[in-house]
Amino acid sequence: MSAVSRAPQCSNRANRTSRPHRTRTTRVRSRAALLAAVTAVAALALSACGSGGTSGGSGDTHFITGSDGIATVKKGERKPAPDLSGKTIDGKQLDLASYKGKVVVLNVWGSWCAPCRAEAPNLVKVAKDTAGKGVQFVGINTRDTGTQPAVEFEKSFGVPYPSLYDPTGKLMLRFKKGTLNPQLIPTTIIVDRDGKIAARALQGLSEEKLRKMLDPVVAEK
């Protein structure tokens, strides 16, 4: 066999050995891309139901955040809470304006949210303890595709107060920019007797932290 006739055979062998190399490189890149995608999805899921974070914007809300994550606003610098009304998870009509003159504790929650389940007994206890002090708790249930899971959640924890049903987050969008972040659930907001936002926590709350937020506002004259 001549050198000319052997050359193509050598070329073919070279091609056969290079293909697996390219395939391995492609697979490594694919795995890296998949890992990056999974990491991004996991980060998004954590932001949707977590125990802390920053505000949803830099709006002029005058919040001062302490080392414990509780943000407060001086009485003279508070902004009004938005108009919140609609159907509750049990089908009744509720208007937040009807509670003016009371201190209102707004808690954004979902039955699917683990931190919401962890803080629920604390909210229930404080709600019962402060009911005679002019305090009204109101929930805002969000991202539940139906009311049944939310109703079962409230029954299992013995929740004594109503919750507005807000599956798509429309009510949360009524808050002034920077007041809350719809991505961070649970969130708790304290509204003073004049209907203005006095405190906020973008995290699940212990009983101690909830009382630390609420008690100073209740004590105001």
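**Core packing and sheet arrangement**

In this predicted model, Ile189 is in contact, once its neighbours within four places in sequence are left aside, with Val104, Val105, Leu106, Phe175, Thr179, Leu180, Ile197, Ala199 and Arg200. Ile189 also belongs to the largest nonpolar core, which has 30 residues, and it is listed there together with Leu84, Leu96, Val104, Leu106, Val138 and Phe175 as one of the residues that touch the most other members. Two or more residues of this core come from each of strand 5, helix 2 (114–130), strand 6, helix 3 and strand 8 (187–191), and among these elements strand 5 gives the most, with 4 residues. Another core, of 21 residues, lies apart from the one just described, and its members include Val103, Ala201, Leu210 and Met213.

The strands are arranged in an open sheet of 7 strands, in which the order is 1-2-9-8-5-6-7 and the pairing is mixed. Strand 1 (64–65) and strand 7 (163–166) stand at the edges of the sheet, and because each has a single partner strand, one side of each is left without a neighbour in the sheet. For strand 1, pairing with strand 2 (residues 70–72) is in the antiparallel sense and extends over 2 bridges, with Thr72 in strand 2 serving as the bridge partner of Ile64.

At the other end of the strand order, helix 3 (residues 147–157) lies across strand 5 (103–109), strand 6 (135–142) and strand 7, and the helix runs at about 125° to strand 5. Helix 3, strand 5 and strand 6 are also among the elements that give two or more residues to the largest core.

Note on methods:
Residues are numbered from 1 along each chain as its sequence is written. This is a predicted model: local features need pLDDT of at least 70, side-chain atom pairs count only at pLDDT 80 or more; totals for chains, interfaces and linings use all residues. Side-chain values use heavy atoms; hydrogens and water are left out. Two strands pair if DSSP finds at least two bridges between them. Contact means heavy atoms within 4.5 Å. Axes are lines fitted to C-alpha atoms, for helices over the stretch in contact, and angles run from 0 to 180 degrees between N-to-C directions. A nonpolar core is a set of buried Ala, Val, Leu, Ile, Met, Phe, Trp, Tyr and Cys residues joined through side-chain atoms within 4.5 Å. Buried means under 20% relative accessible area, exposed over 50%, partly exposed in between (1.4 Å probe, protein chains only).
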